Amino acid sequence: LLMICVYIALAHRFPARSLPQMHTEVYGRKIGQFINVLYLFFCFLFTAVSLRNLGDFFTGYIMTETPMLVVLALLACTCSFAARGGITLVLRNAFLFFLSMTLALLTNSLLLIPNMELSNFLPMFQLEAGTYAKASFVLAAAPFCEILVFLFLLPYKDEKANVKKAFFWGLLLGGFYLLLTFLRDIASLGVALSYLTEPTYEAVRLINLMDVFSRLEIVFAFILIAMRVFKLSVLFCAIIRCLEDVIGRPIQKRGRALSLVSVIAVLLSMYLFRTGITLPEWFRNIGSYIFGVFEMLLPLITLLLAVLRKKRA
């Protein structure tokens with residue numbers, strides 16, 4: 001929530017300007033463009049992580065015999081096609097995805113009640129304080145502070161849009177959904193939670209109510225894929241916007257640019273993470289700190305410098 005306050009303050013201080021435009025104004029053209037290039041790298045890394053995460057889910061649970069490259073290429077092409085219409089077209093589907101996710105979460109949670117054991121929550125608070133602090137930092141970096149990408153898309157917002165309300169309530173609602181998912185999965189899976197790459201999917205597989213409600217993981221998988229493709233489509237739009245701010249002019253041939261973005265994202269996903277096991281390990285030990293620099297440190301510095309420059313003026 002503290003970082004969301006920083007994002008909101010930046011949005012109010014620089015209305016209708018994207019994050020790269022804020023950097024140019026605060027740091028000057030040369031330093032600002034250098035920071036923008038770094039953020040372009042961050043967007044590609046963020047996209048590669050999200051794409052590989054979805055690819056691992058595909059090859060691990062749905063299409064186990066399909067080569068990873070084929071899956072990643074098809075997913076990237078789908079996201080590229082969605083982003084070609086622009087962020088406005090992508091976000092028109094947001095409420096539909098939100099309703100689908102809400103319905104799936106509530107239904108799965110209710111049907112999993114017979115499988116829940118309160119003893120799975122015990123013993124509590126057995127780890128060192130530093131372990132909880134690191135886990136909190138990792139969780140802040142992904143997924144909560146990932147909404148930084150919406151600062152790239154601020155020029156597209158409606159003039160009457162309430163940025164503070166959108167960021168604040170969006171984060172609280174997302175946090176509530178994530179907490180509910182965690183509690184449900186822990187109560188259903190217990191110790192097995194520590195050894196699963198997709199615990200929510202495995203929890204839904206436990207549903208078997210009178211042999212009528214079973215194999216609901218297929219429905220959950222469909223919704224999960226749709227939500228992640230939606231997220232990747234937003235990321236593709238953010239990359240295009242960041243690229244336009246870096247080069248200083250609109251991209252005329254948007255389709256070709258998105259094709260290039262797809263190729264780079266697929267290559268990064270393939271060769272940065274050799275196996276699905278390396279991705280969560282990499283993010284816990286390295287990736288979360290890289291994300292933290294771009295999501296927490298640099299926005300905070302940018303806001304402080306903007307405030308100091310205004311006071312000096």
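Mentor: Contact here means heavy atoms within 4.5 Å. The model under discussion is predicted.

Trainee: With which residues is Arg241 in contact, leaving aside its neighbours within four places in sequence?

Mentor: Arg241 belongs to helix H10. Its relative accessible area is 13%, which is under the 20% limit, and therefore Arg241 is buried. Once neighbours within four places in sequence are set aside, the contacts of Arg241 are Ser18, Gln21, Phe152, Leu153, Pro155 and Tyr156.

Trainee: Which residues of the largest nonpolar core touch the most other members?

Mentor: In soluble globular proteins, nonpolar side chains tend to be buried together. The largest nonpolar core of this model holds 86 residues, and those touching the most other members are Tyr7, Tyr39, Phe42, Leu51, Leu151 and Phe152.

Trainee: Which helix gives the largest share of this core?

Mentor: The core in question has 86 residues. Its largest share amounts to 16 residues, and the helix that supplies them, spanning residues 217-247, is H10.

Trainee: With which residues is Leu151 in contact, beyond its neighbours within four places in sequence?

Mentor: Leu151 is among the core residues that touch the most other members, as is Tyr7. Apart from neighbours within four places in sequence, Leu151 is in contact with Tyr7, Leu10, Arg17, Ser18, Leu19 and Phe167.

Trainee: How far apart are the end C-alpha atoms of helix H1?

Mentor: Helix H1 covers residues 2-13, twelve in number. At 1.5 Å a residue, the helix should span 16 Å. The model agrees with this expectation, because the end C-alpha atoms of H1 are separated by 17 Å.

Trainee: Against which helices do the buried residues of H1 pack?

Mentor: An α-helix has 3.6 residues a turn, so residues three or four places apart point the same way. In H1 the buried residues are Met3, Ile4, Val6, Tyr7, Ile8, Leu10 and Ala11. Their packing partners are helix H2 (19-27), helix H8 (163-189) and helix H12 (278-312).

Trainee: What separation do the C-alpha atoms of Ile4 and Phe144 have?

Mentor: Ile4 has its place in helix H1, and with a relative accessible area of 3% this residue is buried. Leaving aside neighbours within four places in sequence, Ile4 is in contact with Ile147, Phe167, Phe168 and Leu171. Although Ile4 and Phe144 are 140 residues apart along the chain, their C-alpha atoms are separated by 9.0 Å.

Trainee: How many disulfides does a search of the whole structure find?

Mentor: A disulfide is a covalent bond between the sulfur atoms of two cysteines. The search of the whole structure gives a count of zero.

Trainee: Why is Cys242 in no disulfide, and how far away is the nearest cysteine sulfur?

Mentor: Cys242 counts as buried, at 0% relative accessibility. A disulfide needs two cysteine sulfur atoms within 2.5 Å. Cys242 is in no disulfide because the nearest cysteine sulfur, that of Cys43, lies at a distance of 5.0 Å.

Trainee: How is the aromatic pair of Phe125 and Tyr132 classed?

Mentor: The structure holds 21 aromatic pairs. In the pair of Phe125 and Tyr132, the centres are 6.4 Å apart and the planes make an angle of 55°. That angle is neither under 30 degrees nor over 60, and therefore the pair is tilted.

Trainee: Is Phe125 buried or exposed?

Mentor: Phe125 is placed in the loop between H6 and H7, and its phi is near 55°, a positive value in a residue other than glycine. Its partner Tyr132 has 34% relative accessibility and counts as partly exposed. For Phe125 the relative accessibility is 68%, so this residue counts as exposed.

Trainee: What phi does Ala16 have?

Mentor: Ala16 is found in the loop between H1 and H2. At 49% relative accessibility, Ala16 counts as partly exposed. Its phi is positive, in a residue other than glycine, with a value near 60°.

Trainee: What is omega for the cis peptide bond that joins Leu122 and Pro123?

Mentor: Pro123 sits in the loop between helix H6 (94-111) and helix H7 (129-141). The bond joining Leu122 and Pro123 is cis, with omega at about -5°.

Trainee: Where is Pro143 found?

Mentor: The peptide bond from Ala142 to Pro143 is cis, and its omega is near 20°. Pro143 is located in the loop between H7 and H8.

How values were computed. Residues are numbered from 1 along each chain as its sequence is written. This is a predicted model: local features need pLDDT of at least 70, side-chain atom pairs count only at pLDDT 80 or more; totals for chains, interfaces and linings use all residues. Side-chain values use heavy atoms; hydrogens and water are left out. Rings of Phe, Tyr and Trp (its six-membered ring) pair if their centres lie within 6.5 Å; planes under 30 degrees apart count as stacked, over 60 as edge-to-face and the rest as tilted. Buried means under 20% relative accessible area, exposed over 50%, partly exposed in between (1.4 Å probe, protein chains only). A nonpolar core is a set of buried Ala, Val, Leu, Ile, Met, Phe, Trp, Tyr and Cys residues joined through side-chain atoms within 4.5 Å. Helices (H or I, at least four residues) and strands (E, at least two) are DSSP runs, numbered from the N terminus. The expected span of a helix is 1.5 Å times one less than its number of residues.
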